[in-house]
Structures are given as C-alpha cells and as structure tokens.
Amino acid sequence: MKAKEYLQQLQRLDTVINQKIKEVHDLRLQAQSTGGIDYSKERVQTSPSGDAPFVKPICRIIDLEAEINAEIDKFVDEKHKIINQIQGLKNSDYIALLFKRYVEFKKFEVISVEMNFTYQYVIEMHGYALKEFETTYENL
C-alpha cells in the first residue's frame, strides 16, 4: 500500500461514520412519524398483525449505533497510530503538511495559506513528504 492510500484511510473511516450517523437520523425520523389512515375504505375489524411499524426501524437504529461505535473505536485507534507515525518524521514541514492534509482533512489551498507557502510548493513538498513517509514506514 502506498503512503497516500494508507493515510487516506482516516478520511474513508470518517466518511463511513458520518454516513451511518445520517442513516440513524433518518431512521429516527421514520420511527417517530405516524402513517396516514385511509378512512375512505369500508371499516372491517381485524386482529392485530405482528409488530408495530416503528419496531423495524428501532431495531435497525440499535444495530447501526453498535456499528457506529465500533467504527469510531477503529477511527480513534487508526488516527492515534497515524498521528504518531507522521510525528515520527524528521522534517517539521512534512509533519505539519501531512497532519493538516490527512488528519485535519484540509485542502492544499488552505494548507498553503496556513503554512505561508505557495500552492505549487505545497504540492511539491507533499510528494517529498509522502516519499519520506514511505521510506520511514516501508511495511505499510
């Protein structure tokens, strides 16, 4: 695995967690809403049929929340590991650049402003930082 792909796994985990949180939010709205009743049909008395319509979404919410907690634990562990690896590099500019890019998820334009470098220099330095990261941690 290349350094860039390895470092991008934090962004992927963050995206997955956020998507699952949105799904839980949507399921909560679905479980809280009541369905409409059609009064135009003939009234027929029937016996209750199975679970209430909100039971399925609630079970799914519980399962998703467990998945989210597991993903968050994984994210925290990976983030800690990657931060320590980035901080293990020798060049302080490389450390700052890789941290801003892969831990804080900042764009190169923002990084160039924050570090007071040109955009082109940040792009170039990024390549060198990735090479140093790969050299330092060959067994990714």
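## A walk through a helical chain

I72 lies in helix α3, and that residue makes a handy place to begin in this predicted model. At 33% relative accessibility, I72 counts as partly exposed, because that value sits between the cut-offs of 20% for buried and 50% for exposed. Its C-alpha atom is separated by 7.0 Å from the C-alpha atom of I17, although the two residues are 55 places apart along the chain.

Let us step back and look at the chain as a whole. It has six helices and zero strands, so from the N terminus on you will read the elements as α-α-α-α-α-α. The chain holds 140 residues, and 28% of them count as buried. Its accessible surface comes to about 10000 Å², with 52% of that belonging to carbon and sulfur atoms. Contacts that link distant parts of the sequence are worth a look too: among contacts between residues at least 6 apart in sequence, 72% join residues at least 24 apart.

Now go back to helix α3, where I82 also lies. Is I82 buried or exposed? At 0% relative accessibility, I82 counts as buried, because buried means under 20%. Leaving out residues up to four places away in sequence, I82 touches Y6, L7, Q9 and L10. The C-alpha atoms of I82 and F99 are separated by 9.0 Å, and these two residues are 17 apart along the chain.

From here we can move on to the nonpolar core. The largest one has 29 residues, and those with the most contacts inside it are L7, I86, L97, L98 and F133. Which helices supply at least two residues each to this core? They are α1 (3-7), α2 (9-32), α3 (55-87), α4 (92-102), α5 (108-115) and α6 (119-136). The largest share, seven residues, comes from α3. For a closer view, pick out I86: setting aside its neighbours within four places in sequence, I86 is in contact with L7, I95, L98, F99, V103 and F133.

Next, turn to a pair of helices. Two packed helices are described by the angle between their axes and the distance between the axes. Here the axes of α5 and α6 come within 9 Å and cross at roughly 105°. α5 and α6 are therefore roughly perpendicular to each other, because angles of 65 to 115 degrees count that way. Where they meet, F108, E109, I111, S112 and M115 in α5 face Y119, V122, I123, M125 and H126 in α6. Sorted by class, this contact has seven nonpolar, two polar and one charged residues.

Two loops on either side of α5 round off the tour. Most residues other than glycine have a negative phi. Phi of F105, however, is near 60°, a positive value in a residue other than glycine. F105 lies in the loop between α4 and α5 and is partly exposed, with a relative accessible area of 25%. N116 likewise has a positive phi near 60° without being a glycine. Its place is in the loop between α5 and α6. With a relative accessible area of 69%, N116 is exposed, because exposed means over 50%.

Technical notes: Residues are numbered from 1 along each chain as its sequence is written. This is a predicted model: local features need pLDDT of at least 70, side-chain atom pairs count only at pLDDT 80 or more; totals for chains, interfaces and linings use all residues. Side-chain values use heavy atoms; hydrogens and water are left out. A nonpolar core is a set of buried Ala, Val, Leu, Ile, Met, Phe, Trp, Tyr and Cys residues joined through side-chain atoms within 4.5 Å. Buried means under 20% relative accessible area, exposed over 50%, partly exposed in between (1.4 Å probe, protein chains only). Helices (H or I, at least four residues) and strands (E, at least two) are DSSP runs, numbered from the N terminus. Contact means heavy atoms within 4.5 Å. Axes are lines fitted to C-alpha atoms, for helices over the stretch in contact, and angles run from 0 to 180 degrees between N-to-C directions. Angles under 35 degrees count as roughly parallel, over 145 as roughly antiparallel, 65 to 115 as roughly perpendicular and the rest as oblique. Ala, Val, Leu, Ile, Met, Phe, Trp, Tyr, Cys and Pro count as nonpolar, Asp, Glu, Lys and Arg as charged, and the others, Gly among them, as polar. Accessible areas come from the Shrake-Rupley method with a 1.4 Å probe; for residues, only the protein chains shown count as cover.
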